[in-house]
Structure formats: C-alpha cells, structure tokens
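Biologist: I would like to learn how to read a structure like this one. Could you take me through it step by step?

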Amino acid sequence: MRIEDYALIGDMQTAALVGRDGSVDWLCLPRFDSPACFAALLDAPEAGRWLLAPAGGGACTSRRYRPDTLILETVWERDGGAVRVLDLMPPRGEAPDVVRIVQGLRGRVEMRTELLLRFGYGHDVPWLRHDGGELAAIAGPDAAWLRTPVELRPDEDAHRTTGAFTVTEGEEVPFVLTWQQSWLPRPAPVDARASLKDAERAWKDWMRRCRYGGGYADAVRTSLVTLKALTYAPTGGLVAAATTSLPEDLGGSRNWDYRYCWLRDASFTLQALMSAGYDAEARAWRDWLLRAAAGHPADLQIMYTVEGARRIPEWTADWLSGYEDSPPVRVGNAATGQLQLDVYGETLDCLHLARRCGLAVDEEAWDLQNGLMSYLEGAWRSPDNGLWETRGPRRNFVHSKVLAWVAADRMIQAVETLSLEGPADRWRALRDEIHDDVCAHGYDQDRNTFTQYYGSAGLDASLLLIPRLGFLPAGDPRVKGTVEAVRRELVEDGLVLRYRPEKERVDGLPGREGTFLACSFWLADALAMEGREDEARELFERLLSLRNDVGLLAEEYDTSRSRQVGNFPQAFSHVSVVNTAGALAGRHPGTRTP
Ligand SMILES: OC[C@H]1O[C@H](O[C@H]2O[C@H](CO)[C@@H](O)[C@H](O)[C@H]2O)[C@H](O)[C@@H](O)[C@@H]1O
C-alpha cells in the first residue's frame, strides 16, 4: 500500500493504520511508542496484520471518517452486494481495544478475516488458543484476545487465524480485539456497538468545543481531530507522528522514529489547538512540560517520551525489511541528545501565548521560563544541530538564533504586558544584540537573502518563519528577498524542500528527501503576510489536494513519484493546515486574539 492508502484510528494512547484493502498494518500496544503487534507496514504481512475485507480482496470502493470523529467507514461495492466496515479504537477503559463492525449494505458479500499477531515489532510469534469465535494469543509480556460470532480457524503452520463468513443486507458482525499485559487477568470484553456510540460521543463532544470560524473548515476540523489523536491523554504529551521509519526517500535510509514528544512539534501543535479554542490541551501540555523539564535548564532535552521520560536510545529492528525495502527500521531516536537551541524559543513562545490566551499565571511555569531564558543568555552564541536535527557538524543556524531572539522577545512581552517580574532591561539589550548579530552574519547582501547558517551559501526553508515570528516585518526587503530566494532555490514542482541536502552535505546523511509539507505551508503563510493572497491561496489549495482521501498528510511529498513520504500522519503537516487556513482568514498563524 502507498502511505496515502492508510487511515488512522486511535484512542489517544496509541494508534493504528488501516489500509484501503481492509488490513490493519500498524498498531503499537499499549502506547504510541510500545512495540508493534502489527508491523506489516514495515515488512510483509507475516510481520503482523489484521485483514477484514471481501473474500475476493482488493482495495475498497470508498471510505471516509464519520464527520468530526476518528471512526473510519470503509465501503466495498461488489457484484453481488455491498459491505461497510467500521473501524475504531474506543476511548480507553480497562485496556486498549480495536473494534471492527461489518455491516451488510446490499445483497450478499463473502467476507474473510485473517489475523497474524506478531508482538515485539513483528518478531515474537505468540501461542494461540482457539475456542469457537474466541482467540487468545500470548507471547512474553503481551496477551491479546479476539472475540466475534464468526467461527475462527487456526492455521498452526503459519500461526495465523482465519475466518470466513457471509454478510447480508442489514446484518452486522462485530469483532473486538483486546490487549493486556500477559500476567494480568483478561479484561472484561467491551460491547462493539456500545463502544461505537461512546467513541462517537467523545469525538463529537470534543469537536463541539472548536472555535475555528474561518474558511476551509472541513480541512481544519480533520486536522484538529488528527492532532488530538496524536495526543497521549494520560499526560498531555503530543507525539510528532504515529509511525516509525516511513522513509523520507523511498528506498533510502532517512527513516526515523517519530513516536515521541518533541518540544518543537508540541509547541506548534499547541499553538494550532489554542487558536481553535482548545485551552484544556494547552494546560495539560504545560503541566507535562513542567514535569518533563524539571531539573537544570541546561539539561532540557529536545524530546521526551509521552510520559516525559528522557532516555530514548536508538536501535534498529534488523528483522524488518522496511517500508518498500527501505531499511533500517529505527526504534528510539538519537536526536534526543542533540543541542537544538530553537526549542527554547518555541517553548517560551508557546508558554507566553498560553498565558495571553488566559491560562492562569502559574509561578512554577514562570520559574521554568526564567530558568530557560537564563540558560539561553549564556548559550545562544553556540553552534547547534538546528531544527532539522542535522547529524553533521554543529553550525550557527540562522533559525536557531532567530528563535533565541523570540525567547527574549516573549519574556520581555510577558513583563511589559502581563506584569510578570523579570530583568526586562537586560533582556531588551540581549534581544537587540541577537538581532544585530543575525543581520550581520546570517544575511547575504549580495544575494539579498538570509542564509541557512552563518557564512553558508545554502538556504533553509525555516527562514520563511522570520516575519511570522516577528523578527522582521513581511514587507522588509530582506524578508522579501529571502522569500524569493527560497522560491528560486528550494522549490520543486511548486513545493518547498527544507534545504538542499546535497549542498555542503549539511545534514551528514546519504541520499535525498521529498519536499517538506510544513515548509510549503510556511511559504503560503509568508506570501499571505506579504499581501500576495492569491498566490498563497493557490499554494494552500494545492497542498490540500495532496491530502489522502480521508484528509491525512505525511511529513513530505515526493514530487517525482507523486506520493506522500515520511512518517504518517505527521503533526507538523496538520498544524500547518490549521495555521495557514487561519492566516488566509486574516489571523497570523499561531496567534489568537486574547
Ligand atoms: O531528517 C533528519 C531528522 O529527521 C527527524 O527530525 C525531523 O522530525 C522531527 C519530528 O517531527 C522534527 O522536530 C524535526 O524538525 C525534523 O527534522 C528525526 O527525528 C531526526 O532524528 C533526524 O535527524
């Protein structure tokens, strides 16, 4: 399946990907970053999957989410009849469940199910016990049960379970898969119908809180649901995407694990959610941050687990061949230990915005902000790995310095407008110093553009954020020059690359990558801010057209193959849908009138 052939279901603790062929090919239990029990996404079906589809196989005729929910409806029209499968993960009760309900729509359709549970990222083959429509599977720490009225059959050789049945018009056949740690008693089974109702109610209640009132409302609502689905409800942490190792370069090795909370991605996500009125999520994330960042500000990490833990060692699951033969499959992320100075600015920007939106002034949060700012005062001159997490030598990335300016600016604003206490004069001097430094060393007069890093001949799409962050106005000739330079040098078939990896081999990695969707939205934002609304709208609509049939976007787009690439669905991309729609409605991205 292509990446865009998948849809997401989830229960705000983990998520699964369901293909257009009715196969659940990715599911990590019990948490986003737990080992997968279905990993066919990154190998063959033998790495674990759950198929539920007409016996003849093949892709569905159509599918959609029930409006304002993450309940997936997949329809197959066949000669003798039509069938719909509802897929969902109900709000988490005692244990995680995947509920699948087959509904006969017309005539008769022969159906088939095939379940291969492979715990430990496709590695661990469980013992299976069948009892009529009941299956129990167990391997090491994992146990799972499948309940259905359909007679299930073991295929002992292949360690798989199959079932065949016919569904006629008006008939409904439920399947419920439940997971639990193997040493605990089996959880009480959930009722498929009742959990469908619970899930629908929970999603609709959440969407009712939405205050977004601009254009492109359907796209924005789908993206908000996706962002909420990437939130780990027990702690308020937000993952960057639901997957690991979907390649940025098909056949290449730019494959990373995104099932963690990046302060950068989470700050962006929160800004989008707050702009739509979701203040409770902002509070939950602020509290998550206070717990995760506790300790010395110099020890702040750029990412944590959803629980706020610090250790995320990177290793490769060598038994998996990778998506479309793109090894390695990485688990964990070595970028954890990198120095990325921009996260201080993004975090302080987000906390400031949260306060402006009415989040109560909290002493602990202000202490944290002061601590982060003091650290940055001493550290902002250091070269770092930058927001793209380059694995080459550290550089003086212009974006990192601009975000140091943002950090000082938002702290000054907090003192000036929210009457918080702090050394505003010292911060004002620092803000001016950083501004002068960036304009002197990060701007190339001959080419009339800011550069990727001090002294670099290369460009970087993150420079498009300069006007939106308030570092310089959109009408400044240096900003306009940068926008034009990005269009000239980084645009491929109308979409924007983050940078040219081949140039100066800045990221220290082999191969190339697709155009980066968030950066393409940033170009639309920059054009809108410059008053070039028609061009901005045209680009935005092109980007919306790249979403799959259920409105989802991966991290990147390969223009030569016309395919989505990279992890999926990606928060960065969906944040950008919300922000750019807001920008076109006249609101600057990431802001909300307090
Ligand atoms: O491309 C190299 C890097 O790719 C990942 O980082 C990217 O994803 C992060 C999460 O969305 C995002 O915060 C960052 O800006 C992106 O560059 C990967 O996590 C890195 O390990 C890798 O070096």
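Biologist: How far apart do the end C-alpha atoms of residues 2–178 lie, and how much of the span is helix and how much strand?

Modeller: This is a predicted model, and in it those end C-alpha atoms are 28 Å apart. Strand accounts for 56% of the span and helix for 2%. The unreviewed UniProt entry places "domain: Trehalase-like N-terminal" at these residues, 2–178.

Biologist: Then how many helices and strands does the chain have?

Modeller: The chain holds 14 helices and 28 strands. Its radius of gyration is 24 Å, close to the 25 Å from the globule rule for 594 residues, so the chain is as compact as a globular protein of that length. Its C-alpha trace spans about 75 × 50 × 45 Å along the principal axes, and buried residues make up 54% of the 594.

Biologist: How should I read a single helix, say H12?

Modeller: Start with the general idea: an α-helix has 3.6 residues a turn, so residues three or four places apart point the same way. Helix H12 covers residues 517–529 and reaches 19 Å from first to last C-alpha, close to the expected 18 Å. Because 13 of its 13 residues are buried, H12 is largely enclosed by the rest of the structure. After H12 comes Gly531, with a positive phi near 90 degrees.

Biologist: And which residues come nearest to the ligand?

Modeller: Of the 14 around the ligand, those are Ala240, Trp256, Ala335, Trp388 and Glu389. By type, the shell divides into eight nonpolar, five charged and one polar.

Conventions
Residues numbered from 1 in each chain as written. Predicted model: local features only at pLDDT ≥ 70, side-chain atom pairs only at ≥ 80, totals over all residues. UniProt positions renumbered as here; feature names shortened; annotations may be inferred. Helix = DSSP H or I, 4+ residues; strand = E, 2+ residues; numbered from the N terminus. Near = placed C-beta within 6 Å. Nonpolar A, V, L, I, M, F, W, Y, C, P; charged D, E, K, R; others polar. Rg over C-alpha atoms; globule rule 2.2 N^0.38 Å. Buried ≥ 20, exposed ≤ 12 C-beta atoms within 10 Å, placed from the backbone. Expected span 1.5 Å × (residues − 1).
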